[in-house]
Amino acid sequence: MSFVHIILLGMLIVCALAVSLTRHLLTSLIVYMAYSLIMAVIWMLMESPDLAITEAAVGAGITSILFFVTLKKIRAIREEGSHEQAEK
Amino acid sequence: MSKRRSDWQTRPQARIRKWFQQGFTALDDEIINQISQQTIQQPEVSQMMEAQREAMDTRRYERSLALERLERHELQAWVRTRGRKAIGRVYVALALAMAVLMIFFLLETVAHMPRFGDPNAPVTNEVTERYITRGVEETGAVNIVAGMILDYRAFDTLGESTVLFIAASAVLILLRIDRRKDGTPVQELIAAESDDRHYEPRADRILQGSVMVLTPIILLFGIYIILNGHLSPGGGFSGGAIISAGLILYLDAFGFDKAGRFFTYKTFAWVSFFSLSFYALAKAYSFYMGANGLPSGIPLGTPGAILSGGLIMPLNIAVGMVVSCTMYIFYALFRKGGL
């Protein structure tokens, strides 16, 4: 196991913990996107580029976009003016 | 006048009518007489008893009514407290029985399968070896993953596409807001559109400029991944997801009015219908031919050329079209309940 592998796996664990421990929904969503991207790189290193492409497109792209829209609909993301209130 | 009336009264019709009327009155009189005689004949004692019995009857009737009401009340209380629990217990017991039965059947099936990592199992030597050694020659696809999922195991991929389509239909049922038959929008649709207009990204110069540059590249990349699925990593699903990401980006930058010029609800329906039915027909053919591989009349061609791999490329295109349309319509439905 190379040095890059260890760093990536450590980041994966950190991201997985951060997603569930973050209070702010928007932050956890962005951390989730980072998780998907790291996962895509790991797939690439494990020599399965098919999965890497799918993970990057679906996990980091489409799923997160759908989550964003849902958060907007349930008023979890406010407008820019009142964004500071939402963070508190 | 009087003469005419007398004339009329002497006519046979009038006479019959008169006879009827008089006869009826006579009958009525007789009936009334009989009834009055009977009532007079009854002694007063029986009247007293009648009244008493009536009172008792009413009391008994009231008591039974009260009992009935009490019973009903108790039944309702039982249903509300214990009955619900009892039904819940029965439900849980049935569910547990079903789950245990399912687990038993699955374990039974697994017990008949070769052990994991067994060196003599066909999965670890025969199947893998055949896929690797003869995959290119049998499927004509250099990318052996595409050859596996779209030729040897194309039936699984049909299931995947169908699952995605069913998910899109469920989201459609849940989230779509229909117009009325004459085309006027419903109150909910107006509310959803105004809500979307309130939250949608403003006509942002930076976003629009970057989308003008990026969207064609993203779409081209997706099409490349789909068309090159049998030669290089990728395929229908990932390429379709990339194309839908490009479409969503365009929709975000330019709004529903501009995106609706090339993608409407009808587009989604027809593209999904034709792609899925093409896939299902192509696969059903091979399923009835023994479900081993996907034999088609198309020549396999030289491995490595763009026109090779038999049916794999058309199937990739079908899957990609279904996936991209489905993802795009997901986004549109999530945003304002329709295109």
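The exercises below concern a predicted model of a complex with chains A and B.

**Exercise 1. Describe the confidence of the model and the make-up of chain B.**

Solution.
- Step 1: For the complex, the predictor gives an ipTM of 0.79 and a pTM of 0.66.
- Step 2: The average pLDDT of chain B is 80, and 85% of the residues score at least 70.
- Step 3: Within chain B, helix 1 (residues 2-10) has the lowest confidence, with a mean of 55, while helix 8 (residues 205-227) has the highest, at 92.
- Step 4: Chain B contains 11 helices and 0 strands.
- Step 5: Of the 339 residues in chain B, 22% are buried.
- Step 6: Among contacts in chain B with a separation of 6 or more, 72% are between residues 24 or more positions apart.

**Exercise 2. Is B:Leu150 buried or exposed, and which residues does B:Leu150 touch?**

Solution.
- Step 1: Locate the residue: B:Leu150 lies in helix 5 of chain B.
- Step 2: Count its neighbours: 31 other C-beta atoms lie within 10 Å of B:Leu150. The cut-off for a buried residue is 20 or more, so B:Leu150 is buried.
- Step 3: Leaving out residues up to four places away in sequence, B:Leu150 touches B:Thr157, B:Ile312, B:Leu315 and B:Asn316.
- Step 4: B:Asn316 is 166 residues from B:Leu150 along the chain, yet their C-alpha atoms are separated by 7.8 Å.
- Step 5: Take the contact from the other side. With residues up to four places away again not counted, B:Leu315 touches B:Leu150, B:Ala154, B:Tyr279 and B:Ala282.

**Exercise 3. Work out how helix 5 of chain B packs, and at what angle to helix 11 of chain B.**

Solution.
- Step 1: List the buried residues of helix 5 (residues 144-152) of chain B: B:Ala146, B:Gly147, B:Ile149, B:Leu150 and B:Asp151.
- Step 2: These buried residues pack against helix 4 (123-139), helix 6 (154-175) and helix 11 (312-336) of chain B.
- Step 3: For helix 5 and helix 11 of chain B, the packing angle is about 85 degrees and the axes are 10 Å apart. Helix 5 of chain B is therefore roughly perpendicular to helix 11 of chain B.
- Step 4: On the helix 5 side of chain B the contact is made by B:Ala146, B:Gly147, B:Leu150 and B:Asp151; on the helix 11 side, by B:Ile312, B:Leu315 and B:Asn316.
- Step 5: By class, the residues of this contact are 4 nonpolar, 2 polar and 1 charged.

**Exercise 4. Analyse the contact between chain A and chain B, including the packing of helix 3 of chain A with helix 11 of chain B.**

Solution.
- Step 1: Chain A brings 13 residues into contact with 18 residues of chain B. The chain A side has 8 nonpolar, 3 polar and 2 charged residues.
- Step 2: Helix 3 of chain A and helix 11 of chain B have axes 9 Å apart and an angle of about 10 degrees. Angles under 35 degrees count as roughly parallel, so helix 3 of chain A and helix 11 of chain B are roughly parallel to each other.
- Step 3: From helix 3 of chain A come A:Ile62, A:Ile65, A:Leu66, A:Val69 and A:Thr70; these meet B:Met327, B:Phe330, B:Tyr331, B:Phe334 and B:Arg335 in helix 11 of chain B.
- Step 4: The residues of this contact divide into 8 nonpolar, 1 polar and 1 charged.

**Exercise 5. Which residues touch the most other members of the largest nonpolar core, and which element gives the core its largest share?**

Solution.
- Step 1: The core has 54 residues, and those touching the most other members are A:Ala57, B:Ala241, B:Leu315, B:Tyr328 and B:Ile329.
- Step 2: Two or more residues come from each of helix 2 and helix 3 of chain A, and from each of helix 5, helix 6, helix 8, helix 9 (236-259), helix 10 and helix 11 of chain B.
- Step 3: Helix 11 of chain B supplies the largest share, 16 residues.
- Step 4: As background, nonpolar side chains tend to be buried together in soluble globular proteins.

**Exercise 6. Classify A:Glu47 and B:Phe278 as buried, partly exposed or exposed.**

Solution.
- Step 1: A:Glu47 sits in the loop between helix 2 (25-45) and helix 3 (49-73) of chain A.
- Step 2: A:Glu47 has 8 C-beta neighbours inside 10 Å and therefore counts as exposed.
- Step 3: Its backbone also deserves a note: phi of A:Glu47 is near 60 degrees, a positive value in a residue other than glycine.
- Step 4: B:Phe278 belongs to helix 10 (residues 265-288) of chain B. With 16 other C-beta atoms within 10 Å, B:Phe278 is partly exposed.
- Step 5: The C-alpha atoms of B:Phe278 and B:Val319 are separated by 10.0 Å, and the two residues are 41 residues apart along the chain.

Terms used: Residues numbered from 1 in each chain as written. Chains lettered and ligands numbered in written order. Contact = placed C-beta atoms within 7 Å. Nonpolar A, V, L, I, M, F, W, Y, C, P; charged D, E, K, R; others polar. Helix = DSSP H or I, 4+ residues; strand = E, 2+ residues; numbered from the N terminus. Buried ≥ 20, exposed ≤ 12 C-beta atoms within 10 Å, placed from the backbone. pLDDT = per-residue confidence, 0-100. Axes fitted to C-alpha atoms, helices over the stretch in contact; angles between N-to-C directions. Parallel < 35°, antiparallel > 145°, perpendicular 65-115°, else oblique. Core = buried A, V, L, I, M, F, W, Y, C linked by C-beta atoms within 7 Å.
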